[in-house]
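Biologist: I am new to this structure and should be grateful for a close look at a single part of it, namely the site of the metal ion. Please explain what surrounds that site and how the neighbouring parts of the chain are arranged.

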Amino acid sequence: MKGVLFDLDGVIADTSVYHFQAWRKLIKDHFNRELPDELEVQTKGVSRADSLTAILNYLDIKVSDEDFNQMTAEKNKVFRELLNGLTPNNILPGISNLISQFKQHDIKLALASASLNGPFILEKLQLLDTFDAIADPSKVAAGKPAPDIFNAAAEAINLAPQDCAGIEDSVAGITAINRSSALSVGVGDRDELSEAKLLFPDTSFLDYEKIEQAWEKIN
Ligand code: B16
Ligand code: MG
């Protein structure tokens, strides 16, 4: 294993609550409707536009293209305001230690997040210099569950996806990693992330040796 492709939201930092909080506010302000907790899984790991499409489908609401674009911009404004207070304390348990372990073993690190706010968030977490590359989600043809962002992240560190592991908390993200041929490492619920080749219940359980061994096993 020569590289690791990191998801951001839900893996490196606990920003997923802010995403859904921002969607809830937007939908309340525009339609005076509430979003159920169960809908969050459909917005995890998928782009801003795909998230809004899933939400509007659930609510059975149609909007014009212009309103749609205005709503995604507004959601991002709320999200960015919520991120203002983000500090290294928002790095999820076990992640700093895992990153140190990877560094000790000369493993390259790339960000493979669907978020256009990736560089901004990494800067707030003081992790920007830790990563060798950040794949740009605006430059890939298709979002997760397509493999493109993981392929782009591997390419950005001059590796084939097969040489890497990808770490994800979302269903769409695990599918994307599997399609890229990197080793899929899931963080979260076993029923939800059943396609992950290796699973940890939460980030505090992430273990360098186990990831390395699982990678050796499939290669
Ligand atoms: P933005 P990840 C994803 O981040 C989030 O999980 C998802 O909820 C969000 O819609 C997407 O980024 C786009 O984020 O609106 O900031 O561009 O999990 O791929 O790191
Ligand atoms: Mg995620």
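Modeller: The account below begins with the metal ion and then follows the chain outward from it.

A note on conventions comes first. This is a predicted model, in which local features need pLDDT of at least 70 and side-chain atom pairs count only at pLDDT 80 or more, while totals for chains, interfaces and linings use all residues. Residues are numbered from 1 along each chain as its sequence is written, chains are lettered from A and ligands numbered from 1 in the order in which they are written, and side-chain values use heavy atoms, with hydrogens and water left out.

The magnesium ion (ligand 2) is coordinated by Asp 7 (OD), Asp 9 (O) and Asp 169 (OD), at 2.0 to 2.1 Å. Donors here are N, O and S atoms within 2.8 Å of the metal (3.2 Å for Na, K and Ca); water is not among the atoms, so sites may look incomplete. Along the sequence, the donor residues of this ion follow the spacing D-x1-D-x159-D. Asp 7 and Asp 169 thereby link distant parts of the chain, 162 residues apart. Asp 7 belongs to the loop between β1 (3-6) and α1 (16-31), and Asp 169 to the loop between β4 and α8. Helices (H or I, at least four residues) and strands (E, at least two) are DSSP runs, numbered from the N terminus. Both of these aspartates are buried: Asp 7 has a relative accessible area of 3%, and Asp 169 has one of 7%. Buried means under 20% relative accessible area, exposed over 50%, and partly exposed in between (1.4 Å probe, protein chains only).

Asp 7 also takes part in a group of charged residues. A salt bridge is counted where a side-chain nitrogen of Lys or Arg is within 4 Å of a carboxyl oxygen of Asp or Glu, and by this rule the count comes to 7 salt bridges. One of them joins Lys 144 and Glu 168, whose closest N and O atoms are 2.7 Å apart. Lys 144 lies in the loop between β3 (133-134) and α7 and Glu 168 in strand β4, so this pair ties together parts that are 24 residues apart in sequence. Salt bridges that share partners join Asp 7, Lys 144 and Glu 168 into one network. Lys 144 is buried at 3% relative accessibility, and Glu 168 is buried at 0%. Lys 144 has a further feature: a cis peptide bond, with omega about 15 degrees, joins this lysine to Pro 145. Pro 145 is placed in the loop between β3 and α7.

Another salt bridge, between Asp 136 and Lys 139, has its closest N and O atoms 3.3 Å apart. Asp 136 is partly exposed at 30% relative accessibility, and Lys 139 is exposed at 68%.

The strands named so far lead to the sheet. β1 pairs with strand β2 (residues 108-111) in the parallel sense over 4 bridges, where pairing requires that DSSP finds at least two bridges between two strands. Within this pairing, Leu 5 has Ala 110 of β2 as its bridge partner. β2 and β3 also run parallel, joined by 2 bridges, and Leu 111 has Ile 134 of β3 as its bridge partner. β2, helix α6 (residues 118-124) and β3 make a right-handed β-α-β unit. A crossover is right-handed if, with the strands pointing away from the viewer, the path from the first strand over the helix to the second runs clockwise.

On the other side of the loop that holds Asp 169 is helix α8. In α8 (residues 171-180), Ala 172, Gly 173, Ile 174, Ala 176, Ile 177 and Ser 180 are buried. The elements covering these buried residues include α7 (148-156), β4 (164-168) and β5 (183-187). Ser 181 follows α8 and is found in the loop between α8 and β5. Phi of Ser 181 is near 75 degrees, a positive value in a residue other than glycine. Ser 181 is partly exposed, with a relative accessible area of 37%.

Notes. Contact = heavy atoms within 4.5 Å.
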